[in-house]
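Colleague: Before I plan anything around this model, could you take me closely through the loop residues with uncommon backbone geometry, and then through the surroundings of the helices that follow?

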Amino acid sequence: MVLFVMCFLLFLVGLYGVLTRRNLIKIIIALSIMEYSLNLFFILIGYVKGGEIPILKKAGTVPAVVVDPLPQAMILTAIVIGLATTALLLAIAIRLYRKYKTFDVSGINALKG
Amino acid sequence: MMEALLPLFVVIPLGFAFITAVAGRYIPQFHRIAIPLVFLFLAGLSAWMMANIRENILLYMVGGWEPVNGIPIGIHLSADGLSVLLLVIINTLAFFSAFYSYAYIEQYTSGQYFYALFCLMVAGMNGVAVTGDIFNLYVFLEIAAIASYALVAFGTKKEELEASFKYQVLGGLGSLFILFGIGVLYWATGTLNMADMHKLLGSAPASPGIVFAGVLLLAGFGIKSAMVPFHSWLPDAHSSAPSPISAMLSGVLIKAIGIYCLFRFFFNLFAVSVQFAYGITTLGVISMLVGGFLAINQWDTKRLLAYSSISQMGYVVMSTGIGMILLCRGGDMKIAALAIFGGVYHLVNHAFFKGLLFLNAGALEYRLQTRDLLKMGGLAHAMPVTSATSLVASMAISGIPPFNGFFSKLIIIIAAVRAGFYGLAILAVIVSIITLAYYLKFQRYAFYGKPSESGLPEKDVPFSMKGTMILLALCCLLLSVLVFPSLRNLFLMPAVHALMNMTL
């Protein structure tokens with residue numbers, strides 16, 4: 001249970017970062033932290049105490065206790081999606097830097113309202 | 001037989017996304033001609049499915065993985081009346097936007113990447129509509145969202161990049177909340193299949209874990225569908241995107257990955273609860289009011305339209321929320337059905353008239369190179385088609401008979417009165433008057449009054465843009481026939497019953 005609480009704290013740390021930081025790169029880092037905390041959360045869901053890897057080692061010998069493989073498969077997909085979002089965010093941040101010569105959010109304010 | 005068609009809605013646009021990115025470089029004009037035809041085909045296919053689905057539920061098992069001992073193991077695609085209705089809206093609007101882009105895209109370089117991203121976005125939205133698996137829903141939702149982030153920044157000007165960054169950070173936050181919610185749901189139930197999860201959650205009273213997941217999902221989809229107070233990204237993103245994309249974002253995307261998912265989760269997955277029903281209705285009412293009041297003050301055409309989207313989505317969510325409250329309380333099922341019908345009908349109508357209004361704004365921008373209302377004026381004679389179609393759309397969205405928006409707003413107000421929510425009915429009428437006010441302002445400053453100093457354009461927009469706008473204006477008029485009982489029962493009631501039956 002302690003692990004779940006710490007995982008949730010990590011999520012909140014990321015959320016705090018996204019809401020309060022003023023540097024584009026730091027906002028991206030904070031989003032990544034949130035994402036990692038969710039990856040950790042999914043792995044924790046699938047964990048079974050004393051469980052083995054869910055692979056048939058030899059024909060006919062099924063391990064008695066196995067961890068749940070589905071969250072692991074899901075989180076592989078989520079990591080790939082996270083990679084795509086982070087790459088796109090960084091690409092846009094670089095383009096923004098070229099236009100505005102700053103990473104500071106308060107300096108980037110062409111839009112209002 | 002029909003269920004074998006479901007994967008096509010994802011596979012065809014996904015395949016063409018990659019074909020266009022490559023072939024568009026070597027075969028000139030390939031993307032401009034092929035992609036509208038692809039969407040026309042998909043729109044026809046989905047319309048045929050809608051005419052034939054009735055109350056059936058289509059189920060397709062990807063890879064042929066049959067359930068073992070009644071426990072589903074593979075990913076299922078499933079479609080009921082609501083999914084098919086959404087497929088029709090997505091693909092029809094995609095066809096119109098792609099055809100409109102034929103002329104509009106000349107302003108940009110690398111048109112093939114525009115169409116490739118467009119296809120990816122449609123593939124993601126179609127996937128959200130047909131999937132029957134909640135993690136699969138998240139994956140498709142991200143495909144659509146990431147493609148839309150890139151499309152918002154397509155012009156790579158200062159404002160577009162800034163809007164895209166803002167949209168990505170808030171959209172990413174929304175996605176993470178949704179993923180968290182899905183994780184908690186899997187933890188609580190041990191399944192990802194929607195029908196299976198409904199069996200587990202539908203009857204039992206909600207445990208604290210499920211309520212927590214519900215709150216996370218409400219926040220996540222609230223951000224995706226830009227409900228006030230999560231709306232701050234929408235006016236920037238929808239006004240900065242290229243106009244055909246604005247039409248897709250406002251007309252379809254916020255419905256497909258926001259409102260549709262919200263309804264799917266809170267009607268079909270969870271046992272409907274009074275608390276969430278009141279929460280959803282409140283979000284709808286606040287969006288309707290705040291969106292309307294913020295729109296009055298805008299001088300940028302596309303920002304005005306974007307705020308108006310928030311307000312109109314508020315109507316949809318409020319009406320469906322009223323239906324949900326009645327369902328929980330065990331009130332009159334007929335009034336609940338009427339309220340949900342009003343919401344679904346307004347959702348369909350909004351896709352068409354808001355799509356048309358954004359295309360009008362795009363036509364003005366194409367000729368005048370500005371979105372500022374104060375720099376326009378007297379365009380009614382110079383651009384007759386744009387002027388006439390935008391008048392139709394403005395009247396439809398402000399609820400003037402005989403256009404479709406009048407009937408859907410009337411049904412929403414009648415449903416609110418008959419359900420006993422007199423205050424909400426009065427608010428809906430007031431916001432409707434405000435809507436009329438800011439669309440009159442749009443008409444007055446853009447098309448009537450004195451011409452601006454920069455002079456009038458010599459001619460109206462090219463054929464593909466004109467043709468699309470005329471067809472959409474006809475749709476605005478024709479959709480009002482859906483209020484007749486026989487057509488309503490054929491096309492819209494399957495969607496309402498899909499939500500009411502609370503099964504998938």
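Modeller: I would begin with B:Asn69, which counts as exposed because it has 5 C-beta neighbours inside 10 Å (12 or fewer other C-beta atoms within 10 Å make a residue exposed, 20 or more make it buried, and anything in between is partly exposed, with C-beta atoms placed from the backbone). This is a predicted model, in which local features need pLDDT of at least 70 and side-chain atom pairs count only at pLDDT 80 or more, while totals for chains, interfaces and linings use all residues. Residues are numbered from 1 along each chain as its sequence is written, and chains are lettered from A and ligands numbered from 1 in the order in which they are written.

B:Asn69 sits in the loop that joins β1 (58-61) to β2 (76-79) of chain B, where strands are DSSP runs of E with at least two residues and helices are runs of H or I with at least four, numbered from the N terminus. The phi of B:Asn69 is near 50°, a positive value although the residue is not glycine. As background, most residues other than glycine have a negative phi, and most peptide bonds are trans. A second residue of this kind is B:Gln369, whose phi is near 60° and therefore positive in a residue other than glycine, and which is placed in the loop between α13 and α14 (379-382) of chain B. B:Gln369 is exposed, because 11 other C-beta atoms lie within 10 Å of its own.

Two peptide bonds of chain B also deserve a look. The bond from B:Pro401 to B:Pro402 is cis, with omega near 5°, and B:Pro402 belongs to the loop between α15 (384-398) and α16 (404-418) of chain B. The bond from B:Val228 to B:Pro229 is likewise cis, with omega near 10°, and B:Pro229 falls in the loop between α8 (208-224) and α9 (233-240) of chain B.

That second loop leads on to α9(B), a helix that is mostly covered, since eight of its eight residues are buried. The buried residues are B:Trp233, B:Leu234, B:Pro235, B:Asp236, B:Ala237, B:His238, B:Ser239 and B:Ser240. They pack against α5 (134-152), α6 (158-189), α10 (243-269) and α12 (301-329) of chain B, where residues are in contact if their C-beta atoms, placed from the backbone, lie within 7 Å.

Further along the chain, α11 (residues 274-296) and α17 (residues 422-447) of chain B pack at an angle of about 25°, with their axes 9 Å apart; the axes are lines fitted to C-alpha atoms over the stretch in contact, and angles run from 0 to 180 degrees between N-to-C directions. This makes α11(B) roughly parallel to α17(B), the word for angles under 35 degrees, whereas those over 145 are roughly antiparallel, those from 65 to 115 roughly perpendicular and the rest oblique. On the α11(B) side the residues that meet α17(B) include B:Val285, B:Met288, B:Leu289 and B:Phe293, and among their counterparts in α17(B) are B:Leu427, B:Val431, B:Ile434 and B:Tyr438.

Lastly, for B:Cys476 the contacts, not counting residues up to four places away in sequence, are B:Phe352, B:Phe353, B:Leu356, B:Val392, B:Ala393, B:Ala396, B:Phe403 and B:Asn404.

Notes: Two residues are in contact if their C-beta atoms, placed from the backbone, lie within 7 Å.
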